[in-house]
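Reader: I would like a close look at one part of this chain and at how its surroundings pack together. Please begin with a single residue and work outwards from there, taking care over how each statement is supported.

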Amino acid sequence: MTEFEQGGANVFDLEVVKHFNHLTLRNGVSLAGLGREPRDLEVFFRTAVFFISEAGAFTSLQKEAFIERLSEFLSAHARWLKAQTMDVYEAMCGCGFVGEQNGECIWRLAVCEPVGSVSKVLAAWAYYDEARVRRRSKMRALLQAKNRAVNAQPAPVIDPALDAELMHHALRMAQRAYEAGEVPVGAVLAVEGNIVAESGNEVVARHDPTAHAEMLVLRKAAALLGSERLNGAVLYVTLEPCAMCSAALSLARVSRVVWGADDPMSGGMRGALNVIERARMNHRVEMTPGVLRADCERILKKFFEEKRRPQREGRRAE
């Protein structure tokens with residue numbers, strides 16, 4: 001008696017359904033390749049007979065009808081298998097899953113719950129496919145998070161005394177800008193505590209609306225270091241950078257920005273908006289606000305009061 005004739009070994013249950021769904025991942029496998037694992041070939045034949053018999057609704061078919069249904073099964077549910085219909089049919093007969101008698105193909109397949117019907121099998125396959133997609137998405141998210149953690153720059157070591165010292169230097173740059181009639185903003189860029197570039201605003205002197213102190217030190221440092229990437233650099237500036245300078249700092253991969261006075265009207269790091277976050281820029285700059293805030297605010301307030309004084313005196317004279 002063959003395995004096919006024993007019947008009990010031909011039960012089609014959810015384990016077979018799940019196993020066949022797993023086989024669909026083997027795109028382009030040959031029948032010989034599938035046969036390297038007897039259980040794989042067995043599951044494939046059980047599934048084929050299950051669909052051909054419409055879940056055990058009948059146990060025999062004319063050979064032509066059987067082959068036609070086998071071809072439909074292969075094209076609908078087993079496109080991943082690289083095999084001809086007749087090759088599969090002959091293999092099924094050779095393994096005893098199908099027998100020929102008086103021009104008919106006969107088989108014996110016991111169907112047990114909870115499978116029961118073709119629609120339940122298709123629903124189970126859809127569930128397994130969706131679960132696989134969810135697992136892949138979860139694994140992808142975990143790997144991306146791991147890569148970000150591995151590739152992320154270590155958190156900068158903050159030395160408050162060094163921050164104050166270099167901000168004093170930025171204030172000296174702001175004083176020079178003040179004496180030149182520029183808006184008194186000064187900036188210093190340092191690497192490992194060593195000053196690489198310094199500048200105050202030069203918008204008026206250069207007739208260049210982009211000649212903010214931050215932009216000038218970025219250009220100087222990039223030219224001096226021979227790289228547009230200023231990884232590990234720290235920028236000290238007396239006023240919170242605007243949106244233009246904030247975006248440039250992210251593009252330059254500056255590690256940290258230390259500023260004195262906040263700019264709630266035009267600040268690009270947290271005042272008016274966080275341009276790096278809103279623009280979804282790749283590099284997030286660490287921020288240390290409020291260093292020597294009072295001194296930085298004082299020189300700005302003095303500058304703008306002097307600018308407004310002639311206007312007030314003119315109105316009084318009228």
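Author: L31 has a relative accessible area of 17%, and because the cut-off for a buried residue is under 20%, L31 counts as buried. The model is a predicted one, and the values below are to be read in that light. L31 lies in helix 3, which covers residues 31-34. Its contacts, leaving aside the neighbours within four places in sequence, are with L41, L81, K82, A83, D87, V88 and A91. One of these partners, A83, is 52 residues away from L31 in sequence, yet the two C-alpha atoms are 6.0 Å apart in space.

Two of the contacts of L31, V88 and A91, lead on to a pair of helices. The axes of helix 4 (residues 38-52) and helix 6 (residues 85-94) come within 11 Å of each other and cross at roughly 105°; helix 4 is therefore roughly perpendicular to helix 6. On the side of helix 4 the contact is made by F44, F45, A48 and V49, and on the side of helix 6 by V88, A91 and M92. Sorted by class, the residues of this contact are seven nonpolar, no polar and no charged.

Helix 4 also has a contact with helix 7. Here the axes come within 10 Å and cross at roughly 135°, an angle that makes helix 4 oblique to helix 7. The residues that meet are T47, F50 and F51 in helix 4 and V118, V121, L122 and W125 in helix 7. By class, this contact of helix 4 with helix 7 has six nonpolar residues, one polar and no charged.

Several of the residues just named carry aromatic rings, and the rings deserve their own description. A search of the whole structure finds 17 aromatic pairs. One of the pairs is formed by F44 and W80, in an edge-to-face arrangement with 5.9 Å from centre to centre and 85° between the planes. F44 belongs to helix 4, whereas W80 sits in the loop between helix 5 (63-77) and strand 3 (81-82), so this pair ties together parts that are 36 residues apart in sequence. Both F44 and W80 are buried.

A further pair joins F66 and W107, whose ring centres are 5.6 Å apart and whose planes stand at 45°, so the pair is tilted. This pair, too, links distant parts of the chain, with F66 in helix 5 and W107 in the loop between strand 5 (104-106) and helix 7 (118-151), 41 residues apart. F66 is buried, with a relative accessible area of 0%, and W107 likewise counts as buried, at 5% relative accessibility. The residues F20, F44, F45, F50, F51, F73, W80, F97 and W125 form one aromatic cluster; F44 and F45 in that cluster take part in the contact of helix 4 with helix 6, while F50, F51 and W125 take part in the contact with helix 7.

The nonpolar cores set this region beside another part of the chain. The largest nonpolar core has 45 residues, among which L189, L218, L230, L235, Y236, V254 and V257 touch the most other members. Elements that give two or more residues to this core include helix 8, strand 6 (186-191), strand 8 (233-239), strand 9 (256-261) and helix 13 (293-317), and the largest share, seven residues, comes from helix 8. A second, separate core of 38 residues includes F66, L70, L74 and W125, and two of these have appeared above: F66 in the tilted pair and W125 in the aromatic cluster.

For a comparison from outside the starting region, D163 has its place in helix 8 (residues 160-179). D163 is buried, with a relative accessible area of 3%, and, not counting residues up to four places away in sequence, D163 touches I158, Y236, R256, V258, T288 and V291. D159, in the loop between helix 7 and helix 8, counts as partly exposed at 39% relative accessibility.

Definitions and conventions:
Residues numbered from 1 in each chain as written. Predicted model: local features only at pLDDT ≥ 70, side-chain atom pairs only at ≥ 80, totals over all residues. Heavy atoms only, no water. Helix = DSSP H or I, 4+ residues; strand = E, 2+ residues; numbered from the N terminus. Buried < 20%, exposed > 50% of the residue type's maximum accessible area, 1.4 Å probe, protein only. Contact = heavy atoms within 4.5 Å. Axes fitted to C-alpha atoms, helices over the stretch in contact; angles between N-to-C directions. Parallel < 35°, antiparallel > 145°, perpendicular 65-115°, else oblique. Nonpolar A, V, L, I, M, F, W, Y, C, P; charged D, E, K, R; others polar. Phe/Tyr/Trp six-rings, centres within 6.5 Å; stacked < 30°, edge-to-face > 60°. Core = buried A, V, L, I, M, F, W, Y, C linked by side-chain atoms within 4.5 Å.
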